[in-house]
Amino acid sequence: MKYNFWFVVGSQLLYGDDVLKTVETRAKEMVEKLSEKLPYPLLYKVVAKTNQEIADIVKKANYDDSCAGIITWCHTFSPSKMWINGFVNLQKPYCHFATQYNKEIPNDEIDMDFMNLNQAAHGDREHGFIAARLRMPRKVIAGYWQDTRTHKRIGDWMKAAVGVAVSKNMKVMRFGDNMREVAVTEGDKVEVQTKLGWQVNTWAVGDLVKEINAVSEQEVDELMAIYQSKYDIATDNITAIRYQAREEIAIKKMLDKEDCKAFSNTFQDLYGMEQLPGLASQHLMSQGYGYGGEGDWKVAAMTAIMKAMGENGNGASAFMEDYTYHLVEGQEYSLGAHMLEVCPSLASSDTKPRIEIHHLGIGMNEKDPARLVFEGKECNAIVVSLIDVGGRLRLICQDIVCVKPIMPMPKLPVARVMWRAMPNLTDGVECWITAGGAHHTVLSYDVSAEQMKDWARMMDIEFVHITKDTSVETLEQELLVNDLIWKLK
Ligand code: MN
């Protein structure tokens with residue numbers, strides 16, 4: 001789906017034709033110039049002067065699948081009672097852009113005509129009131145429309161809004177159930193479909209095995225050529241890699257047939273398969289599909305959504321798992337990995353990921369699975385976990401700093417990422433555990449905490465952010481208050 005955003009300008013009939021014509025001309029100029037700087041097209045729609053015009057444009061936005069959100073602006077004053085009937089029906093993300101056409105107050109020219117035409121400061125306050133009064137989920141972005149910082153903020157919001165659209169169309173294919181006895185990967189599928197739009201359903205592992213066995217040698221050859229161009233093949237066991245290619249092709253066919261953008265599987269249910277998909281899942285993730293291990297369909301969907309919110313619609317976001325700590329003073333780090341499936345979008349650009357074959361003791365593997373092995377890159381990042389706390393969903397986001405792994409770990413047979421959680425390792429761990437965050441997360445280099453907050457607000461779910469300024473005490477207080485608030489909602 002190619003998404004776009006609609007630019008709706010608020011005004012009123014009081015100003016007369018000349019002023020309204022000027023407003024329209026300037027709005028079109030702004031849209032044209034802004035579109036060159038933003039990640040998605042911005043389309044001029046209307047200078048709205050009446051209740052009917054606003055109600056009409058909202059109806060059209062709601063019914064247009066390509067419209068991922070509306071951005072409003074008030075060049076002049078737009079009485080906000082005329083927005084009520086439209087706004088109560090608005091089903092798309094909404095951003096109030098508080099800007100004005102002119103950057104400077106023109107000292108020599110300014111008179112009352114200028115003031116009446118250029119009164120965004122006046123109009124924005126009336127416009128902001130009605131969204132506050134209606135308790136609408138919204139993003140307010142203030143700044144001059146030609147400033148780079150403003151472009152970045154609108155662009156980031158657009159990507160979060162696209163995350164909303166992707167979420168509402170999300171279909172997750174499950175192979176097998178959750179890992180036996182695990183709690184945090186469970187969740188209410190009816191609740192996620194109601195709140196987030198996700199369709200989470202199961203398909204038989206046996207059907208996947210039939211697809212795997214039906215893949216042709218020529219299809220495998222073609223995918224092997226892609227593996228060879230992207231990765232270093234650090235094994236002689238080509239048969240094992242070809243089996244992963246076969247698995248990838250079969251999973252992709254099933255996902256595409258059902259229009260699923262994410263999938264989960266479990267090492268406890270691999271009947272008829274020779275290997276747990278490792279390289280196969282990793283290469284599927286690099287193409288934008290979400291994945292969750294051990295039946296974790298929540299993290300699978302979140303991975304796909306956050307990938308879509310990233311650079312060029314397939315950013316550096318990946319399924320991750322907290323594994324083990326390095327607790328040496330001054331070098332406190334977490335080591336994250338998974339038994340196989342870490343997306344190569346996290347790989348440091350120093351070296352190509354290597355395809356290696358190693359024994360995997362856990363699960364039903366008949367043969368040793370191929371997987372990509374690499375190091376994550378140095379970068380500020382976030383980890384995100386969606387949990388079902390009973391009666392509602394909570395999205396937990398923690399700021400982290402990824403470092404080059406401080407040791408080579410030559411016997412570790414999987415891709416690895418090393419980071420320091422904010423505010424520091426021990427407080428960060430205490431905060432994460434206090435909030436109930438899972439061991440599975442989405443780690444992202446290019447989606448920000450602000451974007452995840454915007455996304456959570458648009459989806460109407462609880463958001464908890466652990467930052468450099470968070471303490472266990474303030475977090476406990478916040479969670480207590482949140483519990484009360486969300487029971488009232
Ligand atoms: Mn896991």
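## The nonpolar core

Let's start in the middle of this predicted model. Its largest nonpolar core has 134 residues, and the ones with the most contacts inside it are Phe 7, Trp 198, Leu 395, Leu 443, Met 452 and Trp 455. A second core, separate from that one, has 18 residues, including Trp 6, Ala 48, Leu 90 and Met 136. As a rule, nonpolar side chains in soluble globular proteins tend to be buried together.

Trp 455 is a good residue to click on. Which residues does Trp 455 touch once its neighbours within four places in sequence are left aside? There's a run of contacts with Ala 160, Gly 163, Val 164 and Ser 167, plus Leu 196. Trp 455 also meets Met 302, Ile 305, Met 309, Leu 395 and Ile 461.

## The manganese ion

Next, look for the metal. Which residues hold the protein donors of the manganese ion? They are Glu 294 and Glu 321, each through OE, and His 338 and His 440, each through NE2. These donors lie 1.9 to 2.2 Å from the ion.

Along the chain, the donors follow the spacing E-x26-E-x16-H-x101-H. Glu 321 and His 440 link distant parts of the chain: Glu 321 is in strand E11 (residues 317–326), His 440 is in strand E18 (residues 440–444), and the two are 119 residues apart. Buried or exposed? Both Glu 321 and His 440 are buried.

## The largest pocket

Now for the openings. The largest pocket has a volume of about 890 Å³. It's lined by 34 residues, and the closest to its centre are Met 1, Tyr 3, Val 162, Ala 165 and Val 166.

Which element gives the largest share of that lining? That's H6, with 7 residues. Strand E3 (67–73), helix H6 (148–168) and helix H12 (297–308) each put in at least two residues. Sorted by type, the lining of the largest pocket comes to 17 nonpolar, 9 polar and 8 charged residues.

## The second largest pocket

The second largest pocket has a volume of about 440 Å³. Of the 15 residues lining it, Pro 137, Arg 457, Asp 460, Trp 486 and Lys 489 lie nearest its centre. Helix H14 (449–459), strand E19 (462–466) and helix H15 (472–488) are the elements that give two or more residues to this lining.

How do the residues lining the second largest pocket divide into nonpolar, polar and charged? You'll find 7 nonpolar, 1 polar and 7 charged.

Conventions. Residues numbered from 1 in each chain as written. Predicted model: local features only at pLDDT ≥ 70, side-chain atom pairs only at ≥ 80, totals over all residues. Heavy atoms only, no water. Donors = N, O, S within 2.8 Å, 3.2 Å for Na, K, Ca; no water. Helix = DSSP H or I, 4+ residues; strand = E, 2+ residues; numbered from the N terminus. Buried < 20%, exposed > 50% of the residue type's maximum accessible area, 1.4 Å probe, protein only. 1 Å grid on protein atoms, 1.4 Å probe; cavity = no way out; pocket = protein on both sides within 12 Å on 5 of 7 lines; lining within 4 Å. Points joined across faces, edges and corners; volume = space filled by probe spheres on them. Nonpolar A, V, L, I, M, F, W, Y, C, P; charged D, E, K, R; others polar. Core = buried A, V, L, I, M, F, W, Y, C linked by side-chain atoms within 4.5 Å. Contact = heavy atoms within 4.5 Å.
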